[in-house]
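Biologist: Please take a close look at the aromatic rings in this model. I would like to know what they pair with and what lies around them.

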Amino acid sequence: MQRYRPQLSFVLVLVLGYVSLDWCYRQVPDQILADRVYRWAINQVAAGIINSVAPTAQVKVDAHRLVSPRATLEVVRGCDGSGLLFLLVAAVLAFTASWSHKLVGLLVASVLVYVLNEVRVITLYFVLVSYPRWFVPLHTSLIPVLIMALSAMFYLWWTRWVSAAASHVSG
């Protein structure tokens, strides 16, 4: 059992970290998420980018919705990248690394998930407008798998960077 202690510790911190972050997130009322987080942190940015790329889109923000003459896209709980962010945060915290390396991992993971989620929302808006039949498969399958794969690649890179830095210091 002693031999598996580091792996068990990793899994325990990962699971407890994820469950704790998700529980805290579930305590935030939907209306606060819609009116504050989704409106300002996700939709205003997405609308600005969409309108700059396609000025005729005329996208406006209505709380948790992106609204245009051609489509309405709702951002709801679970469409904000939080689950993936919580998983990456828990995985970074669970990995054996210095706090400075963990801080870098947390910052890069947060930026990565935010950017990927913004790209996802913007892409889904354009798909909804131009190829509505593709919306459901892209929204529910392809894009989530792609985002998870990119996040896993980041985590793999980060763990290798941390391990290389540790071996460089000790070697």
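Modeller: The answer starts with the chain as a whole, then takes the ring pairs, the core and one helix packing.

This is a predicted model, in which local features need pLDDT of at least 70 and side-chain atom pairs count only at pLDDT 80 or more, while totals for chains, interfaces and linings use all residues. Residues are numbered from 1 along each chain as its sequence is written, and side-chain values use heavy atoms, with hydrogens and water left out.

The protein chain has 5 helices and 3 strands. Helices (H or I, at least four residues) and strands (E, at least two) are DSSP runs, numbered from the N terminus. Along the sequence their order is α-α-β-β-β-α-α-α. The C-alpha atoms fill a box of roughly 60 × 35 × 30 Å along the principal axes. Of the 171 residues, 36% count as buried; buried means under 20% relative accessible area, exposed over 50%, and partly exposed in between, with a 1.4 Å probe and protein chains only.

Now the rings. Rings of Phe, Tyr and Trp (its six-membered ring) pair if their centres lie within 6.5 Å; planes under 30 degrees apart count as stacked, over 60 as edge-to-face and the rest as tilted. By this rule there are 9 aromatic pairs. In one of them, Phe-95 and Tyr-155 have ring centres 6.5 Å apart and planes at 85°, so this pair is edge-to-face. The two residues are 60 apart in sequence and link distant parts of the chain: Phe-95 is in the loop between helix H3 (82-94) and helix H4 (99-130), and Tyr-155 is in helix H5 (residues 132-170). Tyr-155 has a relative accessible area of 16%, so it is buried.

Phe-154 and Trp-157 form another pair, with 6.1 Å from centre to centre and 35° between the planes, which makes it tilted. Both of these residues belong to helix H5, 3 residues apart, or about one turn of the helix. Their accessibility puts them in separate classes: Phe-154, at 8%, is buried, and Trp-157, at 45%, is partly exposed.

Ring pairs also join Tyr-18, Tyr-25 and Phe-86 into a cluster. Tyr-25 has a charged neighbour as well: Arg-77 lies over the face of its ring, 4.9 Å from the centre. A charge sits over a ring if NZ of Lys or CZ of Arg is within 6 Å of the ring centre and within 35 degrees of the ring normal. Trp-99 is in a similar arrangement, with the charged end of Lys-102 over its ring at 4.7 Å from the centre.

Members of the ring cluster also appear where two helices pack. Two packed helices are described by the angle between their axes and the distance between the axes. The axes of helix H1 (residues 5-27) and H3 come within 8 Å and cross at roughly 145°. Axes are lines fitted to C-alpha atoms, for helices over the stretch in contact, and angles run from 0 to 180 degrees between N-to-C directions. The crossing of H1 and H3 is right-handed; a crossing is left-handed if the near helix is turned anticlockwise from the far one by less than a right angle, and right-handed if clockwise. Residues making the contact include Phe-10, Tyr-18 and Tyr-25 of H1 and Phe-86 of H3. Contact means heavy atoms within 4.5 Å.

Next comes the core. A nonpolar core is a set of buried Ala, Val, Leu, Ile, Met, Phe, Trp, Tyr and Cys residues joined through side-chain atoms within 4.5 Å. The largest one has 42 residues, and those with the most contacts inside it are Leu-66, Tyr-125 and Trp-158. Helix H2 (30-53), H3, H4 and H5 are the elements that give two or more residues to this core, and H4 gives the most, with 10 residues. Leaving aside neighbours within four places in sequence, Tyr-125 is in contact with Ile-50, Ala-57, Val-59, Ser-68, Ala-71 and Leu-73.

His-101 is found in helix H4 and is buried, at 18% relative accessibility. With neighbours within four places in sequence left aside, His-101 is in contact with Trp-158, Trp-161, Val-162 and Ala-165. Val-115 is also placed in helix H4, but is partly exposed, at 43%. The C-alpha atoms of Val-115 and Trp-158 are separated by 18 Å.
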